[in-house]
Amino acid sequence: MAKQGARGNVPNPLQSASYMARVSKEKVKFHEKQLQTFLSDIERSFKDGILTDVQFVTSAPDSTSNNPSCVVECHAALLKKRIPPLWERCGSCGCSKQEGTLSIKIEDIGTDVKDIQDLVKSVYSCSSDLLLDKWKRISPTDSKEEEKETISSSTMEEVENGVATVTVSEPVRPKEAKGQRTLHAEFANEIHGMLREGEDHDVQLELDDEQCIPAHRFVLASRSRFFEAMLTGSWRESSANTIRFPGISHESLMVILDHLYGSCAALPVSCNIIELAQHADMWELPSLRDSIVFHLQQEYCHFFHKPCKSCLATVPDCLVFSHEHNYAALKESCLRWIHKYLSRSWCQRAFATLPQDVLELCCSYSADQLTLATSITMLTDVDKLCSSLPTVKWADYMRPFCERLFTDTMLFTAQNFTHPMVQRNFRSLLEGLGWSESLVKSLLEEVINQLNYETASTVLILALQLDDARKYGGWNSEASTAISEFYNQCHRFIARNLGKVQYTSTWSNVPAAVQQNLKDAAVFVDDRGPNRAKPVLSSSLKSKTSKEFEASSN
C-alpha cells in the first residue's frame with residue numbers, strides 16, 4: 001500500500017471536508033445577502049412607485065362618484081403572476097385605462113380598502129400560498145366557490161354496511177413552519193419565472209445579432225439606477241418597446257438578467273468575467289459586482305485556503321483583475337494571501353508575468369507588513385524565496401524585486417535588533433530546525449553596520465547574552481562560531497570608540513568587568529568626563545602653541 005501523500009495518492013485539498021464546509025458556509029452567507037438586496041430593490045419599486053401601471057381607486061365619501069382618489073399603485077405583471085384570482089376579478093369589473101395606467105375601483109371588487117392595501121403590499125414580499133390565503137379571507141365569494149370545488153373533488157374511500165363514508169380534504173394552507181428565508185426564496189423564484197416564461201413583458205432588449213429578450217421595465221428600473229434613469233427620464237428608451245444593447249453577448253446579458261430577476265445562484269463557471277465587470281460598472285449594479293467577487297473567490301482563489309497548484313496560478317490573475325477594475329476588498333485579500341505565502345507565490349511563473357505596476361504593488365505591500373513580531377519570520381521567508389528562484393529567464397525578471405524586499409527586511413530587522421520581541425524570535429530562529437548560517441551571518445553583519453554610539457552598549461549586552469547562551473544552548477558549531485564572531489565585532493567597535501560610547505546613557509548597563517576589559521583594550525580612554533570646561537588662557541599663555549599649553553597644564 002502506498003504511503004499517504006505519495007505520488008499518485010496526493011489528497012485533493014478542494015475535496016477535503018473542511019474546505020467543503022467552508023464553501024457551504026460562504027454560499028449560504030452570499031445567497032442570504034443577495035436575496036436581501038433583491039427583496040429590498042423590489043420593495044423599493046412599490047414604495048417609490050417605479051413605473052407602476054395599475055392603480056386601485058375609491059370614491060371619497062364626501063365627493064361625487066366621478067372624482068375617485070388613488071389608494072395604492074402596483075404592477076400588473078406581478079398581480080397577474082402572483083394572485084390570478086384577483087386579476088381575474090379586476091378583469092370582470094369595470095376598469096378604465098388612461099396614459100397606460102389601469103384604474104380599478106375597489107368597490108367593484110367587493111373588498112375593503114384596507115384589505116386591498118395590505119394584499120397589494122404583500123405581493124412584493126409574501127409567498128404565493130400566503131397571498132392566496134389572504135385573498136380567500138377577503139373574498140368570501142371565492143372562498144365559497146373554493147369550498148364547493150374541494151367538496152366536489154372528494155373521493156369515496158370506503159363503503160361500510162351500505163353507508164358511504166366520504167373523506168373531505170382540508171383546504172390547503174401555507175405551512176406556518178416555513179422559515180422566512182424559504183418564503184423569500186420562493187418569492188424570488190417566482191419573479192425569476194417571469195423572465196424565463198416571458199410573461200406580460202413590456203420591453204424587449206435587442207442585441208447586435210438582432211436577438212430580442214423580453215423583460216419588464218419595473219424590474220430593470222428597481223434593480224439598477226442606470227435603467228431607472230433610462231426608463232423613467234425624458235429619453236427615447238422611456239417609451240420605446242425595443243431597446244438596443246450593442247457590445248454585449250447574449251450569454252452575458254442573460255447572466256445579468258438572471259441576476260436582476262432574483263437568481264441568487266453563483267455565476268456560471270464559463271461566464272465572461274471581464275464583460276460582466278464592464279457592464280456591472282456601466283449599468284450601476286453593485287450586487288452583480290458582489291457576485292463577481294464571490295465567483296472569483298470560489299473558482300479562482302478557493303476562498304484563500306492553503307496554496308494549491310491551481311490557486312497559485314490564478315490568484316495573481318485575480319489580483320490584476322481587481323486592480324484594474326477597482327475591486328478594493330478582493331484586491332486586499334489577494335495581496336494579503338500572496339504576502340502570507342510569499343515564499344511559494346513569488347517563485348511561480350504566473351506571478352513573474354504580472355505587470356510591473358502590480359509587482360511594485362506586491363513588493364510595497366509586503367514591505368508595509370513588516371512589524372517587530374514578523375520581521376524574523378519574513379526575513380526567513382524572503383531568504384528562502386531568493387534561494388528557491390530557478391535559474392531561468394522569467395525568474396531573472398523577479399530577482400530584483402526579491403532582492404529589494406530582502407534588503408528592506410534585513411535593514412528593518414537590523415535597526416530593531418535590540419527590541420525584545422525581535423530578540424525572542426531571533427533566538428527561536430537559532431534554536432529551530434530552519435536555522436540558516438548564511439542568513440544569520442548576513443543579519444549580524446548588518447547589525448554591526450548599523451552600530452552607533454548610542455546603541456553600541458545595548459547591542460554588546462545582547463551579544464554577551466547570546467554568547468553565554470550558545471555555550472549552554474546546544475547549538476551547532478556554525479551557530480556558535482557566528483555568535484562568537486558577532487560578540488568580538490561589537491567588542492572591537494566599542495574599544496575603538498570608547499571615548500564616545502562611555503558617555504552614553506546605556507553604558508552603565510554594561511557589566512563592570514566588561515567595562516574594564518574594554519578600557520584595557522581601548523586605544524585611548526579619557527576619564528575626565530564628557531563636559532570638561534575649557535581652560536581660560538591668560539595673556540601670558542596666548543602666545544604659546546597648543547602643544548606647549550598642554551605640556552604646561554600637565
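The legends below describe an overview and four close-up views of a predicted model.

**Figure 1. Overview of the predicted protein model****.** The protein comprises 27 helices and 9 strands. Of its 554 residues, 42% are buried. Among contacts in the protein with a separation of 6 or more, 65% are accounted for by residues 24 or more positions apart. The exposed area of the protein is about 30500 Å², and carbon and sulfur atoms supply 50% of this area.

**Figure 2. Strand β1 and its pairing with β2 and β4****.** Strand β1 covers residues 54-59; 5 of its 6 residues are buried, so the strand is largely enclosed by the rest of the structure. With strand β2 (residues 68-74), β1 forms an antiparallel pairing over 6 bridges. Within this pairing, Thr58 has Ser69 of β2 as its bridge partner. Strand β4 (residues 101-105) runs parallel to β1, and 4 bridges join the two. Here Ser103 of β4 stands opposite Gln55. In a regular strand, side chains alternate between the two faces of the sheet.

**Figure 3. The open sheet β8-β7-β9****.** This open sheet consists of 3 strands with mixed pairing, in the order β8-β7-β9. The edges are occupied by β8 (212-215) and β9 (242-244); each has a single partner strand, so one side of each is left without a neighbour in the sheet. From one strand to the next, the twist averages 30°. Strand β7 (residues 203-206) pairs with β9 in the parallel sense, over 3 bridges. In that pairing, Leu205 has Ile243 of β9 as its bridge partner.

**Figure 4. Helix α11 on strands β7 and β8****.** Helix α11, formed by residues 250-260, lies across β7 and β8. The helix runs at about 5° to β8. Strand β8 is also an edge strand of the open sheet shown in the preceding figure.

**Figure 5. The contact of helices α22 and α24****.** Helix α22 spans residues 437-449 and helix α24 spans residues 477-496; their axes come within 10 Å and cross at roughly 5°. Angles under 35 degrees count as roughly parallel, and α22 and α24 are therefore roughly parallel to each other. On α22, the contact is made by Glu437, Lys441, Leu444, Val447 and Ile448. On α24, Glu478, Ala482, Ile483, Phe486, Gln489 and Cys490 take part. Classified by residue type, the contact of α22 with α24 has 7 nonpolar, 1 polar and 3 charged residues.

Conventions: Residues numbered from 1 in each chain as written. Predicted model: local features only at pLDDT ≥ 70, side-chain atom pairs only at ≥ 80, totals over all residues. Heavy atoms only, no water. Pairing = 2+ DSSP bridges. Axes fitted to C-alpha atoms, helices over the stretch in contact; angles between N-to-C directions. Contact = heavy atoms within 4.5 Å. Parallel < 35°, antiparallel > 145°, perpendicular 65-115°, else oblique. Nonpolar A, V, L, I, M, F, W, Y, C, P; charged D, E, K, R; others polar. Buried < 20%, exposed > 50% of the residue type's maximum accessible area, 1.4 Å probe, protein only. Areas by Shrake-Rupley, 256 points an atom, 1.4 Å probe, with all protein chains shown as cover.
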